[in-house]
Amino acid sequence: MAESDREHAVEGWIWNENVQPFLALLARYAGYDFDGIDWQAVELGLEATDDAHLDRWYSYPLVGSDHHLEVHLAKAVGGDEVSVRVAGTSNPELLLRADTLISTFATRFVP
């Protein structure tokens with residue numbers, strides 16, 4: 001990952017069940033239409049991840065009409081959490097939105 005991407009990134013964790021809605025909303029902010037095919041790719045990519053090992057993270061690009069984001073994801077082995085890192089933009093508003101989404105989706109929603 002380029003040094004500039006490290007400087008302009010937000011990270012945290014979200015619950016596993018919130019990964020799909022997190023990505024769908026983040027994609028909307030980037031101007032990308034995240035659909036079922038995207039979700040299948042992410043779901044498959046997440047299977048072999050481990051957040052304790054940087055070489056076992058999964059990266060998914062969200063290349064939209066407004067922004068290009070690189071989302072890095074990895075499951076916590078033995079847990080329900082997924083570590084998340086959003087990079088690829090220096091847009092402060094988009095970084096704030098991504099950070100807010102991470103905070104929001106670290107909450108379990110009661111139906």
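1. A useful term to start with: a residue is called buried when its relative accessible area is under 20%, exposed when that is over 50%, and partly exposed in between. Keep this in mind as you look at the structure, which is a predicted model.

2. Let's try the term on one residue. Is L25 buried, exposed or partly exposed? Its relative accessibility is 31%, so L25 counts as partly exposed. You can find L25 in helix α2, which covers residues 19-30.

3. Now look at the company L25 keeps. Setting aside neighbours within four places in sequence, L25 is in contact with L101 and F105. R97 is also worth finding: 72 residues separate L25 and R97 in sequence, yet their C-alpha atoms are 9.6 Å apart in space.

4. That takes us to the whole fold. The protein has four helices and four strands, and from the N terminus they follow the order α-β-α-α-β-β-β-α. Of the contacts between residues at least 6 apart in sequence, 63% join residues at least 24 apart.

5. What about overall size? The C-alpha trace spans about 35 × 35 × 25 Å along its principal axes. A compact globule of 111 residues would have a radius of gyration near 13 Å, and the protein has 13 Å, so the two agree.

6. Finally, turn to burial and the surface. Of the 111 residues, 36% count as buried. The protein exposes about 6300 Å², with carbon and sulfur atoms supplying 51% of that area. There are 7 positive and 19 negative charges, and the mean positions of the two groups lie 2 Å apart.

Definitions and conventions. Residues are numbered from 1 along each chain as its sequence is written. This is a predicted model: local features need pLDDT of at least 70, side-chain atom pairs count only at pLDDT 80 or more; totals for chains, interfaces and linings use all residues. Side-chain values use heavy atoms; hydrogens and water are left out. Helices (H or I, at least four residues) and strands (E, at least two) are DSSP runs, numbered from the N terminus. The radius of gyration is taken over C-alpha atoms; the globule rule is 2.2 Å times the number of residues to the power 0.38. Buried means under 20% relative accessible area, exposed over 50%, partly exposed in between (1.4 Å probe, protein chains only). Contact means heavy atoms within 4.5 Å. Accessible areas come from the Shrake-Rupley method with a 1.4 Å probe; for residues, only the protein chains shown count as cover. Lys and Arg count as positive and Asp and Glu as negative; His and the chain ends are not counted. The place of a charge is taken as NZ of Lys, CZ of Arg, CG of Asp or CD of Glu.
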